[in-house]
Amino acid sequence: MNQIPAVNQIDALLNPRSIAVIGASADPKKTSGLPVSYLIKHGFGGAIYPVNPKADEIQGLTCYPSVEALPEAPDVGLVLLNARRSIDAVRGLAQLGCKAAVVLASGYAEAGEEGQDLQAQLKEAAGSMRILGPNTIGLVNLTAGIPLSASGALEVSELPAGSVAVVSQSGGILGALLSRAAGRGIGLSSLISTSNEVDLEVSDFVEYLIDDPSTKVIALYLESIRHPARFREVAMRAREAGKPLVVFKIGRSEAGASAASSHTGALAGEDRVYDAFFRELGVIRVNTFDEFLDVPAVLVAGRQLAGRRVAVLTSTGGAGTLIADSLGINGFETPPPDQATAEKLRALQGDTPTALDRNPIDVTLAGLQPDLLRQAIRILLESDSYDALIVIIGSSGLAMPDLVVGRSAIASIPATSRCWLTSAPMRRIRYSA
């Protein structure tokens with residue numbers, strides 16, 4: 001069997017032309033029946049080979065009794081068997097010449113000493129074939145429409161493709177991210193769950209995604225970094241390539257570190273060491289699940305602030321104060337408008353006694369007038385006083401969505417190199433420099 005270059009094996013994993021589903025169920029409602037259903041549902045155009053000795057056909061596809069009976073070596077084997085049986089399946093795939101296998105079974109290193117022994121056997125069985133997992137939910141290549149997963153998040157008919165790639169050491173988090181991103185309209189290029197990392201680990205995928213034309217930002221959900229020197233190498237490469245790394249590293253507390261260890265069998269390490277490590281590498285660390293989606297979405301736009309001066313346009317004074325306070329804590333400035341900008345804003349007032357010459361710029365009930373809001377946004381975007389604009393509509397946006405997203409709110413606003421962010425209704429967002 002010829003040795004296949006590692007990068008080609010990872011590419012085959014993310015862009016397979018043929019997939020064998022080992023342990024596929026003829027019942028599409030069972031977990032083991034979902035992967036074939038999802039491959040068909042999301043339009044995978046390659047060959048699908050279900051493997052199950054108890055079925056001749058699954059969802060209209062010829063079913064094969066064993067790995068050895070497959071008509072060709074598939075690019076990827078998706079293994080749905082239990083921990084012990086997965087080892088034999090992996091060995092058979094490797095002997096056939098398969099490039100990569102995805103092992104969903106748990107019961108390996110995260111399960112203690114016996115599981116660690118099984119994981120070592122799995123690695124040995126794979127030989128030179130690459131393995132994603134075990135204890136993984138799989139991966140989804142949204143750019144190419146290839147779901148290699150049993151995640152229920154794939155039940156939706158359309159998943160927006162975009163430029164953010166997510167690599168997660170947690171399978172369940174991957175599904176949550178997929179559904180939340182779809183709900184917010186945030187496009188993802190791929191999602192990969194590495195979990196126990198018996199072979200392929202986070203750094204392998206970061207290295208691959210650096211050269212992926214579909215990916216602009218790489219988001220990492222980390223419980224640990226098993227090989228710091230390797231991570232340093234790929235993080236530096238990502239920075240040189242202009243692809244930001246955004247990391248949500250859990251295990252800040254002793255309880256969190258213990259939970260992470262029991263989840264994937266990894267040691268989480270001291271959090272302050274990670275903080276220093278990330279700062280040294282220029283990695284952006286976020287602290288909440290919302291930020292893990294928001295920050296990559298902002299970075300994908302490719303716009304960088306020319307400075308730290310922010311205008312806050314709000315229809316609710318309390319919310320404006322909260323945002324201004326948060327900006328100040330994080331090193332941003334909220335200066336009042338310059339004289340020319342203030343005069344333009346005052347001209348919008350008419351008979352409405354609103355204070356539009358200070359920052360936050362509070363339009364109160366006048367902000368419920370789409371035309372006034374649109375003009376205020378335009379003035380602030382064109383002002384030399386500010387590098388960014390935050391617009392807060394509050395709960396009014398629920399009853400009047402046109403204030404934020406309709407043509408009446410943003411039609412005719414000129415393109416600008418400045419950044420403007422909208423919150424409707426307001427929620428806590430923290431942006432770090």
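**A buried ring in H9, and what surrounds it**

Let's start with one side chain: Phe-277 is buried, with a relative accessible area of 12%, which falls under the 20% cut-off for that label. Keep in mind that this is a predicted model.

Before following that ring, here is the wider setting. The chain has 433 residues, and 52% of them are buried. It is built with 15 helices and 18 strands. If you take the contacts with a separation of 6 or more, 73% of them come from residues 24 or more positions apart. On the outside, about 19,000 Å² is exposed, with carbon and sulfur atoms supplying 50% of that area.

Now back to Phe-277. Helix H7 (residues 228-240) packs with helix H9 (residues 271-281) at an angle of about 35°, and their axes are 10 Å apart. On the H7 side the contact uses Pro-228, Phe-231, Arg-232, Ala-235, Met-236 and Arg-239, while H9 brings Phe-277, Phe-278, Glu-280 and Leu-281. Sort those contact residues by character and you get 7 nonpolar, no polar and 3 charged.

Rings are a good thing to look for next, as the structure holds 8 aromatic pairs. One of them is Tyr-49 with Tyr-64, an edge-to-face pair at 5.8 Å centre to centre with 85° between the planes. Tyr-49 sits in strand E2 and Tyr-64 in the loop between strand E4 (61-62) and E5, so this pair ties together parts 15 residues apart in sequence. Both tyrosines, Tyr-49 and Tyr-64, are buried.

What about the ring we began with? Phe-231 and Phe-277 have ring centres 5.9 Å apart and planes at 40°, so their pair counts as tilted. Because Phe-231 belongs to helix H7 and Phe-277 to helix H9, the pair ties together parts that are 46 residues apart in sequence. Phe-231 is buried too, with a relative accessible area of 1%. Ring pairs also join Phe-231, Tyr-274, Phe-277 and Phe-278 into a cluster.

Tyr-49's strand, E2, leads us to a sheet. Its 5 strands run in the order E2-E1-E5-E6-E7, paired in parallel, and the sheet is open. Strands E2 (47-51) and E7 (130-132) are the edges; each has a single partner strand, so one side of each lacks a neighbour in the sheet. On average, neighbouring strands here are turned by 20° against each other, ignoring direction. Strand E6 (residues 100-103) is joined to E7 by 3 bridges, and Ala-100 has Arg-130 as its bridge partner in E7. Finally, helix H2 (residues 34-41) packs on this sheet, touching strands E1 (18-22), E2 and E5 (76-79), with its direction at about 155° to that of E1.

Key:
Residues are numbered from 1 along each chain as its sequence is written. This is a predicted model: local features need pLDDT of at least 70, side-chain atom pairs count only at pLDDT 80 or more; totals for chains, interfaces and linings use all residues. Side-chain values use heavy atoms; hydrogens and water are left out. Two strands pair if DSSP finds at least two bridges between them. Helices (H or I, at least four residues) and strands (E, at least two) are DSSP runs, numbered from the N terminus. Axes are lines fitted to C-alpha atoms, for helices over the stretch in contact, and angles run from 0 to 180 degrees between N-to-C directions. Contact means heavy atoms within 4.5 Å. Buried means under 20% relative accessible area, exposed over 50%, partly exposed in between (1.4 Å probe, protein chains only). Accessible areas come from the Shrake-Rupley method with a 1.4 Å probe; for residues, only the protein chains shown count as cover. Ala, Val, Leu, Ile, Met, Phe, Trp, Tyr, Cys and Pro count as nonpolar, Asp, Glu, Lys and Arg as charged, and the others, Gly among them, as polar. Rings of Phe, Tyr and Trp (its six-membered ring) pair if their centres lie within 6.5 Å; planes under 30 degrees apart count as stacked, over 60 as edge-to-face and the rest as tilted.
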